[in-house]
Amino acid sequence: MSKPAHPRKSLSSNNSPADKNSNPDSHSLEENTTADESYNFQKARIIIHLEILSSAEDNQNRTVSIGVGIKNDPPLLATTTLSSLNLPPVIQQMLEELESQMPERAAAATERKMWRQKQEDAQRQITVKPTPKPCKLPPAQPIHFPDSQSLEAQHQLTLF
């Protein structure tokens, strides 16, 4: 094989315990079958990741990070420029379509942000209630009974 045009480096794998089966007996059988297939180039699912980094200069000189690998294994990594990368026509068309849609996408994002802000403001108004103002009533006055009523009449209850 020939040497790669771009330097590569590997990243560490992120194998979490949650990805593995908890039953050790069934795990070993599945692991052997899956391992055989996942490392067979013709049968394995290959993951290709292209990331076009932003640049303040000319679009053709943008840096592109490339990752190629399989699931649960460190990818092969390389870096190049957009101008030196020969993309397939379908990807080139998609990039051109994305570029033409950017103003519309920016407007839609602004609209979503304003809508979310209105929703948050409305929610805050519902949860924050204004503090009630203190009521200013005149002080209570004692009740005076007419002198003609006796003390017994004042304490007697009547039904009618």
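The legends below describe close-up views of a predicted model of one protein chain.

**View 1. The whole chain, with its helices and strands in sequence order.** The protein chain of this predicted model holds three helices and three strands, and, followed along the sequence, these elements come in the pattern α-β-β-β-α-α. About 15,100 Å² of the protein chain is exposed, with carbon and sulfur atoms supplying 56% of that area. Of the 160 residues, 7% are buried. Among the contacts in the protein chain with a separation of 6 or more, 34% are between residues 24 or more positions apart.

**View 2. The pairing of strands β1, β2 and β3.** Strand β1 covers residues 46–52, strand β2 covers residues 63–70, and strand β3 covers residues 76–81. Strand β2 pairs with β1 in the antiparallel sense over seven bridges, and β2 also pairs with β3, again in the antiparallel sense, over six bridges. One of the bridge partnerships between β1 and β2 joins Ile 52 to Val 64, the latter lying in β2. On the side of β3, Ser 65 stands opposite Thr 79. In a regular strand, side chains alternate between the two faces of the sheet.

**View 3. The surroundings of Ser 65 in strand β2.** Ser 65 belongs to strand β2 and counts as partly exposed because its relative accessibility is 25%, a value that falls between the limits of 20% for buried and 50% for exposed residues. When neighbours within four places in sequence are set aside, the residues in contact with Ser 65 are His 49, Leu 50, Glu 51, Leu 53 and Ala 78. For Leu 53, which is twelve residues from Ser 65 in sequence, the C-alpha to C-alpha distance to Ser 65 is 7.6 Å.

**View 4. The hairpin turn between β2 and β3, with Asn 72.** Strands β2 and β3 form a hairpin in which five residues lie between the two strands, and Asn 72 is placed in this loop. The phi of Asn 72 is near 60 degrees, which is a positive value in a residue other than glycine. Most residues other than glycine have a negative phi. With a relative accessibility of 38%, Asn 72 counts as partly exposed.

**View 5. Thr 80 in strand β3 and its polar contact with Ser 84.** Thr 80 is a residue of strand β3, and it counts as buried because its relative accessibility is 8%, where the cut-off for a buried residue is under 20%. Through its side chain, Thr 80 makes a polar contact of 2.7 Å with the side chain of Ser 84.

**View 6. A nonpolar patch on the surface, with Ile 46 of strand β1.** Phe 41, Ile 46, Ile 48, Leu 50, Val 68 and Leu 76 together make a nonpolar surface patch of about 550 Å². The element that gives the most to this patch is strand β1, which provides three residues. Ile 46, a member of the patch, is located in strand β1 and counts as partly exposed, since its relative accessibility is 35%. Membership of the patch requires a relative accessible area over 30%, and Leu 50, also named in the patch, is one of the residues in contact with Ser 65 of the third view.

Conventions:
Residues are numbered from 1 along each chain as its sequence is written. This is a predicted model: local features need pLDDT of at least 70, side-chain atom pairs count only at pLDDT 80 or more; totals for chains, interfaces and linings use all residues. Side-chain values use heavy atoms; hydrogens and water are left out. Patches are made of residues with over 30% relative accessible area and no salt bridge: like charges are joined within 9 Å, nonpolar side chains (Val, Leu, Ile, Met, Phe, Trp, Tyr) within 5 Å. Accessible areas come from the Shrake-Rupley method with a 1.4 Å probe; for residues, only the protein chains shown count as cover. A salt bridge is a side-chain nitrogen of Lys or Arg within 4 Å of a carboxyl oxygen of Asp or Glu. Helices (H or I, at least four residues) and strands (E, at least two) are DSSP runs, numbered from the N terminus. Buried means under 20% relative accessible area, exposed over 50%, partly exposed in between (1.4 Å probe, protein chains only). A polar contact is a pair of N or O atoms within 3.5 Å; within protein, one must be able to donate a hydrogen and the other to accept it, and residues adjacent in sequence count only if both atoms are side-chain atoms. Two strands pair if DSSP finds at least two bridges between them. Contact means heavy atoms within 4.5 Å.
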